[in-house]
Amino acid sequence: MIDKQFKKEAFKESVKENVKFLYRKKLEEATQEQIFQAVCYTVKDVIIDNWLETQNAYKEQDPKTVYYMSMEFLMGRALGNNLINLTAYKEVKEALDELGLDLNVIEDQEPDPALGNGGLGRLAACFLDSLATLNYSAYGCGIRYRYGMFKQQIKDGYQVEVPDNWLKDGYPFELRRPEYAKEVHFGGYVDVEYDPATGSNKFVHKGYQAVKAVPFDMPIVGYNNKIVNTLRIWDAEPIVDFELDSFDKGDYKKAVEQENLARNIVEVLYPNDNHMAGKELRLKQQYFFVSASLQAAIDKYKKNHKDIMKLHEKVTFQMNDTHPTVAVAELMRILMDEEGLGWDDAWSVTTKCVAYTNHTIMAEALEKWPVELFSRLLPRVYQIIEEINRRFILDIQAKYPGNYDKIKKMAILYDGQVKMAHLAIVAGYSVNGVAKLHTEILKKQELKDFYEMMPEKFNNKTNGITQRRFLLHGNQLLADWVTDHIGPEWITDLSQISKLKVYVDDEKAQQEFMNIKYQNKVRLAKYILEHNGVEVNPRSIFDVQVKRLHEYKRQLLNILHVIYLYDQIKKHPEMDFYPRTFIFGAKASAGYARAKKIIKLINSVADVVNNDASIEGKLKVVFIENYRVSNAEMIFAAADVSEQISTASKEASGTGNMKFMLNGAPTLGTMDGANVEIVDEVGKENAFIFGLSADEVINYENNGGYDPRVIYNTDDEIRQVLTELVNGTFSSDTELFRDLYNSLLNQNGGERADQYFILADFRSYAAAQKKVEEAYKDEKGWARMAMLNTACAGKFTSDRTIQEYVDDIWHLDKVFVK
Ligand SMILES: *Cc1c(COP(=O)(O)O)cnc(C)c1O
């Protein structure tokens with residue numbers, strides 16, 4: 001697409017005009033940040049035209065729309081991605097070159113909009129990209145957090161959290177839409193009033209605090225198809241500006257409270273990944289964006305449709321994990337209290353409109369709200385949940401007469417708690433897991449009772465990633481090489497990438513492929529030198545584990561193995577050892593002490609290992625600060641080995657594993673999540689698989705765990721590694737890592753010793769690592785394996801995932817913009 005704005009001369013003029021208009025400056029006088037803004041406004045101009053045309057096409061063709069409801073959208077930077085999807089990246093790069101500007105430097109001015117924690121939020125972002133690219137009408141619905149995911153600094157080896165004020169300089173790709181503002185109500189009580197018009201009782205919510213929800217829209221540009229969808233994120237404002245005379249009216253206190261509520265509600269993203277914090281403000285955030293999004297969706301529907309009973313023909317709501325599942329009861333409330341439907345009609349519509357995606361089986365992540373809190377904050381919504389629960393229990397009793405165990409296990413309200421997953425399953429017309437193994441575990445273990453009662457709802461949708469960001473933008477050298485060999489169809493049809501298979505034994509292709517990997521490693525080495533002051537050898541094996549820091553992901557297993565290798569090299573200096581660089585990147589939730597201690601351990605080991613001249617640079621350890629989407633793109637491109645070493649059964653899918661694979665890094669991993677399907681695609685001879693299976697782990701867990709002491713007592717080398725945690729090798733403070741040491745060996749309260757099976761898997765991990773080294777020494781064999789990983793990654797595009805959601809769940813029609 002060569003739009004008029006992307007004719008080079010016109011583009012250059014427009015950038016200069018914008019600098020003048022925005023800053024009253026000439027280009028030469030502008031800062032890089034100002035130039036960044038000016039470039040964005042030029043690009044936004046083009047996008048807005050397409051945005052309008054898309055919305056017109058939707059109005060004319062009236063397609064069904066999916067509302068993807070998610071607390072998190074981990075978008076990453078927009079400028080580069082928008083240029084890629086407008087197919088204008090190269091023209092713009094040249095135009096800026098001619099102005100003496102470097103597009104890479106300009107891209108680096110953009111803050112990463114980090115409105116998400118990790119995989120779940122990034123999935124939502126990939127889905128929006130795929131929905132737009134596949135010509136489907138879609139909204140992302142979320143929260144405009146003032147502060148997104150914190151910035152991580154490493155000080156003295158410790159994680160320090162710094163607020164992420166991403167809106168500080170204004171965000172050029174957002175549009176405030178005050179005309180679509182909605183009110184959201186909290187607290188108060190419910191009155192029953194007789195309504196003479198209908199001759200029946202109605203429920204009236206009174207004495208509440210109100211907040212104004214104001215939407216900001218961000219454009220989601222489809223690839224080369226003129227579609228621009230919308231990510232709509234909600235800001236909170238006080239209903240009325242603070243008025244002094246409310247003092248006199250006596251509602252001063254309430255005015256202050258409403259103002260504070262509005263100020264607090266969207267202040268910050270909770271930095272917990274796979275962990276439920278249980279904070280009142282979090283529930284407020286959930287209801288806030290869900291209520292506003294549902295109101296907006298229904299308003300939009302009613303503009304062109306009369307019959308609310310047919311809502312499901314034009315609208316569907318996908319709930320990304322349990323975070324937005326209060327939508328079930330809120331939709332019921334709107335349909336009954338505002339649209340005037342009776343219970344049965346409202347239930348019939350609701351249960352055809354909402355669908356639920358489960359993202360985890362880990363108990364600490366499942367959302368359960370205390371009834372006291374829930375009913376106080378959302379009295380009318382709670383009342384509706386009570387009625388849903390009452391009726392559901394009748395259904396259970398009808399199906400399993402006299403079986404009270406079923407009620408105990410499946411009720412929505414039990415033990416003084418509101419179980420959000422149960423609410424979502426009972427109301428949802430679809431319940432999906434995010435990888436084959438995960439969905440099987442849901443059906444056989446975690447949600448077994450629900451699966452037995454309503455098997456037709458359950459389905460699998462294996463996650464995916466967008467190749468537009470994680471190959472076309474993140475690894476431009478490889479993207480060009482792929483296009484030179486098989487044409488550009490892979491950009492919108494990743495199954496085409498299998499055509500690379502004919503090259504895997506071609507020596508010239510192998511050399512080119514590995515030379516691109518080398519150049520990407522040089523780029524990352526430069527970044528590491530700049531950011532960490534550590535020199536790493538781009539000829540060494542780049543062994544990478546980047547993802548949230550969580551015990552189940554077992555960064556601890558990785559670093560213990562590094563210690564083991566260090567011991568080996570020290571003990572046998574003559575030993576044949578291929579140089580290795582272990583690269584970590586991970587944020588830990590601010591309140592997760594043990595995860596933060598693992599970060600400290602990695603940095604402490606790095607200090608010792610990197611500065612030990614006696615090992616001659618054979619081993620390097622690097623912790624990359626502030627892992628986020630923008631540096632992720634560069635890291636995946638440079639990786640030789642993809643560490644996916646979670647305790648089997650704990651990682652629902654993973655998507656980092658797919659990004660590595662697409663960029664030619666074989667998986668070193670357990671048979672967990674989507675690793676299973678990666679191995680299915682690429683063959684187990686082209687991956688390094690180790691460790692207990694999910695069944696074995698679950699078996700141990702159901703029988704009280706295992707005894708890591710047996711391993712500790714019998715394996716001298718493992719015992720040595722553990723001893724070094726507490727004998728001063730990596731810290732003069734021998735107590736610093738005592739908790740980590742204890743967690744591996746001693747039961748502590750309800751926590752089993754080594755509950756993530758690190759010692760159980762250690763030997764098989766070390767053996768797999770040895771195989772990696774041997775395989776890497778065989779240059780041609782490795783090149784072949786790396787290329788096969790790229791060539792077999794076709795399944796893992798989010799385009800495939802989205803098409804499956806469309807075919808099996810949403811049933812959307814494509815819309816074309818001329
Ligand atoms: C893909 C991605 C994740 C998810 O990684 P997993 O290895 O699947 O946990 C997290 N953070 C960022 C920035 C990502 O790009």
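User: Two strands count as paired if DSSP finds at least two bridges between them; with that in mind, which residue in strand 12 stands opposite Ala213?

Analyst: The model is a predicted one, and in it strand 11 pairs with strand 12 (residues 228-238) in the antiparallel sense, over eleven bridges. In general, the strands of a sheet pair through backbone hydrogen bonds, either parallel or antiparallel. Within this pairing, the residue in strand 12 that faces Ala213 is Ala236.

User: Which residue in the hairpin of strand 11 and strand 12 takes a positive phi?

Analyst: The hairpin that links strand 11 and strand 12 has six residues between the strands. As a general rule, most residues other than glycine have a negative phi. The residue with a positive phi in this hairpin, near 55°, is Asn224.

User: How many bridges pair strand 8 with strand 11?

Analyst: Strand 11 is met by strand 8 (residues 182-186), and the two run in the antiparallel sense. One position that shows how they face each other is Lys182, which stands opposite Ala213 in strand 11. Counted over the pairing of strand 8 and strand 11, the number of bridges is five.

User: Which residue in strand 11 stands opposite Arg176?

Analyst: Strand 7 (residues 175-176) is joined to strand 11 by two bridges, and these strands run antiparallel. Following that pairing across from Arg176, one arrives in strand 11 at Phe216.

User: Why can strand 11 be called largely enclosed, and how many of its 13 residues are buried?

Analyst: A residue is called buried when its relative accessible area is under 20%. Strand 11 covers residues 209-221, and because so many of its 13 residues are buried, it is largely enclosed by the rest of the structure. The number of buried residues in strand 11 is eleven.

User: Which residue in strand 10 is the bridge partner of Tyr194?

Analyst: Strand 9 (residues 189-195) and strand 10 (residues 200-206) pair in the antiparallel sense over seven bridges. Their hairpin has four residues between the strands, and there Gly199 takes a positive phi near 75°. Across the pairing from Tyr194, the bridge partner in strand 10 is Asn201.

User: In what order do the three strands of the open sheet with antiparallel pairing lie?

Analyst: The edge strands are strand 15 (368-370) and strand 16 (413-414), each of which pairs on one side only. Strand 15 is joined by three bridges to strand 17 (residues 417-419), running antiparallel to it, and Pro370 has as its bridge partner in strand 17 the residue Gln417. The order of the open sheet is therefore not numerical, as is seen from the pairing of strands under the bridge rule: the sequence across the sheet is 15-17-16.

User: How many of the twelve residues of helix 11 are buried?

Analyst: Helix 11 spans residues 327-338 and is mostly covered. The buried residues of helix 11 include Ala327, Glu330, Arg333 and Met336, and just after this helix Gly340 takes a positive phi of about 80°. Of the twelve residues of helix 11, the number buried is ten.

User: Is Glu616 buried or exposed?

Analyst: Glu616 sits in the loop between helix 23 (593-610) and strand 22 (619-624), and its phi is positive, about 55°, although it is not a glycine. A relative accessible area over 50% is the cut-off for the exposed class. Because the relative accessible area of Glu616 is 64%, this residue is exposed.

User: What relative accessibility does His811 have?

Analyst: His811 lies in the segment after helix 33 (798-810), and it has a positive phi, near 55°, in a residue other than glycine. His811 counts as partly exposed, because its relative accessibility is 48%.

User: What percentage of the area that the ligand exposes when taken alone does the protein bury?

Analyst: The residues that surround the ligand include Gly118, Val546, Tyr627 and Thr655, and by class the shell has three nonpolar, five polar and four charged residues. An oxygen atom of the ligand is 2.6 Å from an N or O atom in the side chain of Lys659, while a polar side-chain atom of Lys553 lies 2.8 Å from an oxygen atom of the ligand. Of the 390 Å² that the ligand exposes when taken alone, the share buried by the protein is 96%.

Key. Residues are numbered from 1 along each chain as its sequence is written. This is a predicted model: local features need pLDDT of at least 70, side-chain atom pairs count only at pLDDT 80 or more; totals for chains, interfaces and linings use all residues. Side-chain values use heavy atoms; hydrogens and water are left out. A residue is near a molecule or strand if one of its heavy atoms lies within 4 Å of it. A polar contact is a pair of N or O atoms within 3.5 Å; within protein, one must be able to donate a hydrogen and the other to accept it, and residues adjacent in sequence count only if both atoms are side-chain atoms. Accessible areas come from the Shrake-Rupley method with a 1.4 Å probe; for residues, only the protein chains shown count as cover. Ala, Val, Leu, Ile, Met, Phe, Trp, Tyr, Cys and Pro count as nonpolar, Asp, Glu, Lys and Arg as charged, and the others, Gly among them, as polar. Buried means under 20% relative accessible area, exposed over 50%, partly exposed in between (1.4 Å probe, protein chains only).
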